[in-house]
Structures are given as C-alpha cells and as structure tokens.
Amino acid sequence: MKVKLHSALRTLATVTSQPNRQPKPPAAPRAPRRDALRNDAIVIDAARAVFAELGPQASMESIATRAGLGVGTIYRRFPGKDALLDAVARLLTEEIDQAAAAALEDPDPGAGLERFLEFVGAFNAEKRRYASALAARLADDDTVSTRTADRVLRLTRKAVDAGYLARDVTAEDIKALIVAMRGLVAAAPDGEDAPWRRFLRIHLAGLRAD
C-alpha cells in the first residue's frame, strides 16, 4: 500500500511540475523576398511585351528568354500562362486607374479628359493581339475598376462644368466612346493607330460644347 501511495505521489509531482504549455500560434505567412518580387515584375513586363507581339499562344520559354531568367524560375512563381495573364490584367487595370487619377488632377479638365482617352486608345492598341484572353480577366466589378469608373464620372462632370463638353454629355457617353474605340482598334491592321485617333478626334468634336 505504501509503495502504491508513493508511486501515485511521485506521478502527481511529475505532472504538476511540468510547465503549462500553450499551443503555438500558427506561423505568419512569410513575405516574398525582395529578389522574388523584383523577378515577378521582370517576368510580368516580359510577358506583357511577348503577348503583345505573339498573342496568348506565346510560350513560357519565349517569356523566360525576354525576361533573362530560367523558365524554371518563372514556373516557381507563375504555374502557367493563365497565372501570367491574370497578373498582366491586374497591372493593366491599375494603369488605367492611375491614368484616370492623373487626368482628374489636371487643372484643365478638357485636356485631362483628352489625355485619358488617348491613353486608353494606345492601351487597347498595345494589347490588341491578346485582348480576347484578357477580356474575362478585366473584371468590371472589382475594387480598382469601380474606382476607375467613379473617376471617369467625376472627370466627365468636371469637363462639363468647365465648358469643354456639352451640358448633356454623361459618363455613359464617354464609356460608349471607349468601347467603340476598342472595337475600332481590334478591326484595324496591326500597328495602325490612325483610325482610332481619327475616330477619337471626330467624336470628341461632336461632344464638345458649342
């Protein structure tokens, strides 16, 4: 009996002497290394240039060659062309938004609007060979696109208030102009910018205040 009691006390002492261990919190996700982020930017820029030249059927090897990186390095960050197209689409969406923001800051709303529309035309011309592959990726309901739409609305109102656009012109008219330019770019021969630029000049003349 004494042996059993002694054994029980020793077991209790061992248990109570152990520290109260709390479960470890999950490790925070590691931020990408600086060189990895730099490589991402190089790869996305290379993909954008190669897609513009060869279309979405361009190989990952051709993108790696343009980037000056091994194809294995690209696959470690982007598992395939779909991932690269997604990344390019995000970049282009941000660029359009930044162009709209810069146009809003112009003290001359008319000049700001013209510069923004010229940017959009050149933007569409650059991606004409892979526009269809980007169409599903350039979402109209994401945060950046919603912000851009609001900026175009404000830019249009400023141009109306400044007397550059006619009083009845709305942001929907500007959006329709952008969509029409996109179609004209798609129908024009590669490298031919004159048609959409002429179209823009004519339609802006029709939207201006008398």
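User: What makes the crossing of H6 and H8 left-handed?

Analyst: This is a predicted model, and in it H6 passes H8 in a left-handed crossing. The term applies because the near helix is turned anticlockwise from the far one by less than a right angle.

User: Why are H6 and H8 called oblique to each other?

Analyst: Look at the angle: the axes of H6 (residues 109–126) and H8 (residues 143–161) cross at roughly 140 degrees. Roughly antiparallel needs an angle over 145, and roughly perpendicular covers 65 to 115. The H6/H8 angle falls in neither class, so the pair is oblique. The two axes come within 8 Å.

User: Which residues make that contact, and how do they divide by class?

Analyst: From H6 you have Pro109, Gly112, Leu113 and Phe116, and they meet Val152, Leu155, Lys158 and Ala159 of H8. That gives six nonpolar residues, one polar and one charged. Gly112 is the polar one because Gly counts as polar here, and Lys158 is the charged one because Lys counts as charged.

User: How do you know that H9 and H10 are roughly antiparallel?

Analyst: Same kind of check. Their packing angle is about 160 degrees, and anything over 145 counts as roughly antiparallel, so H9 and H10 get that label. Their axes are 9 Å apart, and H9 passes H10 in a right-handed crossing.

User: What makes up the contact of H9 with H10?

Analyst: On the H9 side, Ile174, Leu177, Ala180, Met181, Leu184 and Val185 take part; on the H10 side, Pro195, Trp196, Phe199, Leu200, His203, Leu204 and Leu207. By class, that is 12 nonpolar residues, one polar and no charged ones. The polar one is His203, because His is on neither the nonpolar nor the charged list.

User: Why is Asp40 called buried?

Analyst: Its relative accessible area is 13%. Buried means under 20%, so Asp40 qualifies. Asp40 sits in helix H2, and leaving aside neighbours within four places in sequence, Asp40 is in contact with Arg77 and Phe78.

User: And Arg157, buried or exposed?

Analyst: Exposed: Arg157 comes in at 52% relative accessibility, and the cut-off is over 50%. Arg157 belongs to helix H8. Arg157 and Ala171 are 14 residues apart in sequence, with 7.8 Å between their C-alpha atoms.

User: What makes Ala186 exposed?

Analyst: The relative accessible area of Ala186 is 62%; exposed means over 50%, so the label fits. You'll find Ala186 in helix H9. Ala131 is 55 residues away from Ala186 in sequence, yet the two are 8.4 Å apart in space, C-alpha to C-alpha.

User: What makes a set of residues a nonpolar core, and which residues have the most contacts inside the largest one?

Analyst: The members have to be buried residues of the listed nonpolar kinds, joined through side-chain atoms within 4.5 Å. The largest such core has 50 residues, and those with the most contacts inside it are Ile63, Leu84, Phe116, Leu117, Leu165 and Ile174. Elements giving it two or more residues include H2 (34–54), H3 (60–67), H7 (131–135) and H9 (171–187). H5 provides the largest share, 11 residues.

User: How many helices and strands does the chain have?

Analyst: There are 10 helices and zero strands. Of the 210 residues, 34% count as buried. Among contacts between residues at least 6 apart in sequence, 67% join residues at least 24 apart.

Technical notes: Residues numbered from 1 in each chain as written. Predicted model: local features only at pLDDT ≥ 70, side-chain atom pairs only at ≥ 80, totals over all residues. Heavy atoms only, no water. Axes fitted to C-alpha atoms, helices over the stretch in contact; angles between N-to-C directions. Helix = DSSP H or I, 4+ residues; strand = E, 2+ residues; numbered from the N terminus. Parallel < 35°, antiparallel > 145°, perpendicular 65-115°, else oblique. Contact = heavy atoms within 4.5 Å. Buried < 20%, exposed > 50% of the residue type's maximum accessible area, 1.4 Å probe, protein only.
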